[in-house]
Amino acid sequence: MSTTRLLTHSLKVMSRYRLRSAFVMLGSLVGVAALTLVVSIGQGMEAKVMKTVGQIMGDSSILIMSGGSRMLGSPRAGASRLTIDDLTAVAAAVDGIDAWDPQQDIATVVRYRDRTATVRIIGQSERGERVWARSMTRGGYFGAADVTAAARVAVIGETVARTLLGGDDPIDAEIRIGAVPFRVIGVLEPFGTDMHGMDRDNEISVPISALMRRLTNVDTVSGARLLLKDPSRGEQIAAEVTRVLRTRHALAADDPEDFRLMTAVEVRQMTTWVRRVLLVFVPLLAAVILLVAGIVAATLMLSSINERIGEIGLRRAIGASPGDIRLQFASETAVTIAVGGIGGLLVGDVATWAAASRLQLAHTFSWQALAVGLAAMVATGFLAGILPARRAARLQPADALR
């Protein structure tokens, strides 16, 4: 039987047994769609995690987080005891620190004329622009004199400029953070969302002294970033920083630390774990779905043989060989699964686009996801068709026609 006739016959069988074919196609569609979705979203999430970690951490820095701070957006318990004096002492005592910047943040309502928005307010030093490698698109950053004087000046993110100020020129605009007026002196370059979904452009940076004295009335900070002169000495410098802070906080040898350090080594371990989860374990779930779809397809095709014993016997009687019968049923299974798989690729791509938009991921067509989906579809069709095809080929013409 020619390939064209096989395909034509398979399509006719699909139209004749609509319900059975629909169930087989549905299983293939769901499995391929799920596999395509998780591979594409996994790649997008991996790229986003790598970008965010690189922006926040980098290879030449150490993050210090107080006991009450948040590590990359995750809550940590404990009271904050980290102060600017602690950080100044660390910078003076530990050789190899190129620059450092303390941080404290709150989320509060910001007003501009008759518009309001809830914005994350970050207190930083005059070194914040350099230490966090985030430059300005308009205006300028505040300086050392502004920090010393706790000046009421601010630099805002693009989201704040767009949603709060609208079409007004942000430079020299007066906004109110809580009840305190601040003058906008610059706009930060776009950052995007981090891996927790937080819009990092919905932020306002002010001198840390202004935040601590005028907005929060606290004398502690939530954390800091240290830039290193030699990244290869990261672990050694981290050990020295730990020693200085434990001494300043009068911690005994068996006392737990009331701060936490994150180095480039920990970041690499974290990113390795993220890659394993996104690109190994998550696709396994979709593979299980596809396996179930193949089992369902094989079961339905096996049951259909009982309904078509007469047809098989007639074909054998007029000269069809066991190989022809085997090829016929294998092709029917493969074509049915292939049609569902093609639909799954389309559904998976649409679902990827929707999920990427919701998660604010850069959605690009993934050839890897397409290749994985096609390979899974072919493998499922082949494996699901083996048993039905072998069973049909073993039927004897006399027994089938009886």
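**Core first**

I started with the largest nonpolar core: it has 45 residues, and I156, I175, I204 and V241 touch the most other members. For my own reference, a nonpolar core is a set of buried Ala, Val, Leu, Ile, Met, Phe, Trp, Tyr and Cys residues joined through side-chain atoms within 4.5 Å. Buried is under 20% relative accessible area, exposed is over 50%, and partly exposed is in between (1.4 Å probe, protein chains only). Helix α8, residues 234–248, gives this core its largest share, five residues. Helices (H or I, at least four residues) and strands (E, at least two) are DSSP runs, numbered from the N terminus.

I noted that a second core of nine residues lies apart from the largest one, with M136, Y141, F142 and V155 among them.

Then I looked up what I175 is in contact with, leaving out neighbours within four places in sequence. The list runs V110, R111, Y112, I156, L164, L165, V180, P181, F182, V184 and I204. Contact here means heavy atoms within 4.5 Å.

**What kind of model this is**

This is a predicted model, where local features need pLDDT of at least 70 and side-chain atom pairs count only at pLDDT 80 or more, while totals for chains, interfaces and linings use all residues. Residues are numbered from 1 along each chain as its sequence is written, and side-chain values use heavy atoms, with hydrogens and water left out.

I checked confidence next; pLDDT is the predictor's confidence in each residue, from 0 to 100. The chain has a mean pLDDT of 79, with 69% of its residues at 70 or more. Where is confidence lowest, and where is it highest? The low end is strand β3 (residues 74–75) with a mean of 40, and the high end is strand β7 (residues 153–156) at 98. Over residues 68–78 pLDDT stays under 50, and the model has 29 contacts beyond four places in sequence for that run. Where pLDDT is low, the predicted coordinates should not be read in detail.

**Whole-chain numbers**

I get 13 helices and twelve strands for the chain. It has 402 residues, and 47% of them count as buried. Of the contacts between residues at least 6 apart in sequence, 76% join residues at least 24 apart. The chain exposes about 19,500 Å², of which carbon and sulfur atoms supply 59%. Accessible areas come from the Shrake-Rupley method with a 1.4 Å probe, and for residues only the protein chains shown count as cover.

**Salt bridges**

I have 15 salt bridges written down, each being a side-chain nitrogen of Lys or Arg within 4 Å of a carboxyl oxygen of Asp or Glu.

D105 pairs with R120, with the closest N and O atoms 3.4 Å apart. D105 is in strand β4 (residues 97–112) and R120 in strand β5 (residues 115–124), so this salt bridge ties together parts 15 residues apart in sequence. Both D105 and R120 are buried.

R120 also forms a salt bridge with E203, and there the closest N and O atoms are 2.7 Å apart. E203 sits in strand β10 (residues 203–207) and R120 in β5, so the pair ties together parts 83 residues apart in sequence. E203 counts as buried because its relative accessibility is 1%. For R120 the relative accessible area is 17%, so R120 is buried.

I also found a network of salt bridges linking D105, R120, R134, R200, D201 and E203.

Back on α8, E240 forms a salt bridge with R243, the closest N and O atoms being 3.0 Å apart. Both lie in that helix, three residues apart, about one turn. E240 is partly exposed at 32% relative accessibility, and R243 is partly exposed at 44%.

**Helix α7**

Which residues of helix α7 (residues 208–216) are buried? I208, S209, A210, L211 and M212 are. Their cover includes α3 (84–93), β4, β5, α5 (144–148), β9 (180–188) and β10. Just after α7, N217 has a positive phi of about 55°.

**Two more backbone oddities**

Most residues other than glycine have a negative phi. R113 is not a glycine, yet its phi is positive, about 55°. R113 is in the loop between β4 and β5, and is exposed because its relative accessible area is 67%. A133, also not glycine, has a positive phi near 50°. A133 is in the loop between α4 (128–131) and β6 (136–139), and counts as exposed at 59% relative accessibility.
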